[in-house]
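Reader: Hey, I've got a structure open and could use a walk-through. Can you take a look with me?

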Amino acid sequence: MARKEFETLTPQMYYTLLVLKNPHHGYEIMNEIAELTDRAVQVGAGTLYALLPRFIEDGYIAMVQETDRKKIYQITDAGRRKLLQETVKMERMLRNYREVFNDEKI
Amino acid sequence: MMKKYKPIGLYIDDIKCRKMLEDMAEQGWILESCGDSFFVFRKGTPQTLHYYIDYNRSDPEYDALLKEMGYRFVDARRTVRIYCSAEELPELQTDPVTRMMALNELIPASEIWFSLLLAAVIVFAALMTSGSLAVDLFSFFFHSTRIMYRILMLVLAGTLVLYALLVYLQRRSIRRQAEGIRSGMDFNIAAFYFINILSSVLLILVLCLYWLTYHDSLFVILYPLLILGSTWIARTIMNRYISTMSRKDKRTVLSIILVMGLLFFRFAINAHLDTGREQVRKTDIVTYHDPQTSLYSEETNPILQRISIFGADSHAEEIAAECSNGFVADTVFRKLIRYAAYMKNPVGRDYPCSNFTAMEEYGHLAEGPLPSYTDALELFVKEETSGAEIYTIHDVPMFNDIIYDPVTGIPEADTYVNDICIIRKQNTVIMIRGFADTVQIIREFHTK
């Protein structure tokens, strides 16, 4: 049922899920990501609002509150597991990198 | 106000589309709207405008956010929404994977199947009209719109197939974007032009055919235009509002359209458009100038003529059609030949036909098909005189005309059967049914 596009999260998708550990609404998410990554990762409004409903469909986030036309989202348990999965993949990549290059100066 | 038009095919390629829009703005052409087929630009001052493309549905919170951030909404086609701004703003689409995910949902595959299915429905409905045309010739003699109905329906189905092809090519182009292959601008535009021009050419051909056949009936031109216009309107509405509908709503609407299409095309063939009256005209009752015959018609049945010969009564029926051109005359003639042949060998009936009016019933209830034109023609004897071709078929069993001997109650010989004579004089077709000698008299009158 999960989309094939979400099998491996792109950085944009990853950070969107990550900052939703705490409840936020759309615009806040964009700012949080920019702050967290020192503006290295910028998620555009179009991308964000494309991801939010699809994350909800796949169960990674849920709408926790709807106030005043502002919808507030937060990560679900399934979302946390997905993040963990992706993080484990990335940690393995880091580990393998260090094994291969063995502290060589690049 | 001056306007410029560019084909809409580009809208699925954001890089090329945005570049095109920005270039146009530099030259002073500002995007005003995008319709079903074209981007529409209005003339303004040359300026630097930045365009952004989004694929998300309209939503109060989202729209307000974009507006606040400075993106000005221009227009949308389906779920592709175009925004512009004088200053440079952050990109809306920052993740190519997410963008492809949204773009893939733009044109569902179901549109291909739906178009093909609708085309099949239309072809089926068109082919189903073969029986009713025969009925038309007798009971609805003046509604010759149906002669061309089948051709129009087949062309309409053809344009739907072409539309399905266009959708398929667009989906393919989107798929290739995901693989990093961007179709040449030329390909998208070429496909768009090719398919739309081909469809338009087909439709124009049909309209010309209609004009040539029914050249003095404006309404008959409006009838196909009505069908074609409504499909164009349906497509425009679909492209404008489909982005605001949820998937379930879309399915509901499409199912409704399919069912309505079925019903419409099934019953449109029975629509009594009062057209074509001038095309097939029944002749006035004439007096035969022969001292030995007097002729009068019974008003209750305008096609029945009662002829008095040598003081004895004899029945005859005559239908005459003055057609406006050879094509209509040919069609009427061929049907009459086939019907007369059927009356001689009525397959699937256990009693013969009584008269032309009863053949209306035949049209509905004939269990066997009409013989083909070539098979039917073989039953006729052909003669030619100056300016007329005469086809006669003998010994057609006709139930009502049996005359019983008042004393013995035995049917008199030679009253079982009739002659049917079909005369083709240029664009006039006449069919006469009666006893052999009566038919002979009337025939001579028509062909002297």
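Author: Sure, let's go through the interface, a helix pair and a sheet; keep in mind that this is a predicted model.

Reader: How many residues of chain A are in contact with chain B?

Author: On chain A there are 23, and they touch 21 residues of chain B. Together the two chains bury about 1,800 Å², with 55% of that on carbon and sulfur atoms.

Reader: Which three residues supply the most of what chain A buries?

Author: Tyr49(A), Arg54(A) and Arg69(A), which account for 29% of the area chain A buries against chain B.

Reader: And how many salt bridges across the interface?

Author: Three turn up between chain A and chain B. In a salt bridge between Arg3(A) and Glu105(B), the N to O distance is 3.2 Å.

Reader: Now the helices. At what angle do H3(A) and H3(B) cross?

Author: Roughly 65°, with the axes coming within 10 Å. The crossing is left-handed. From H3(A), the contact uses Thr47(A), Ala50(A), Leu51(A) and Arg54(A), while H3(B) brings Thr98(B), Met101(B) and Ala102(B).

Reader: What's the mix there, nonpolar, polar or charged?

Author: Four nonpolar, two polar and one charged in that contact of H3(A) with H3(B).

Reader: Switching topic: what's the strand order in the chain A sheet?

Author: E1-E3-E2, an open sheet with antiparallel pairing. E1(A) and E3(A) are joined by two bridges, and His25(A) sits opposite Ile72(A) in E3(A).

Reader: Why do strands E1 and E2 of chain A each have one side without a neighbour?

Author: Because both stand at the edges of the sheet, and each has a single partner strand.

Definitions and conventions
Residues numbered from 1 in each chain as written. Chains lettered and ligands numbered in written order. Predicted model: local features only at pLDDT ≥ 70, side-chain atom pairs only at ≥ 80, totals over all residues. Heavy atoms only, no water. Axes fitted to C-alpha atoms, helices over the stretch in contact; angles between N-to-C directions. Helix = DSSP H or I, 4+ residues; strand = E, 2+ residues; numbered from the N terminus. Left-handed = near helix turned anticlockwise from the far one by under 90°. Contact = heavy atoms within 4.5 Å. Nonpolar A, V, L, I, M, F, W, Y, C, P; charged D, E, K, R; others polar. Pairing = 2+ DSSP bridges. Buried area = accessible area lost by both parts, 1.4 Å probe. Salt bridge = Lys/Arg side-chain N within 4 Å of Asp/Glu carboxyl O.
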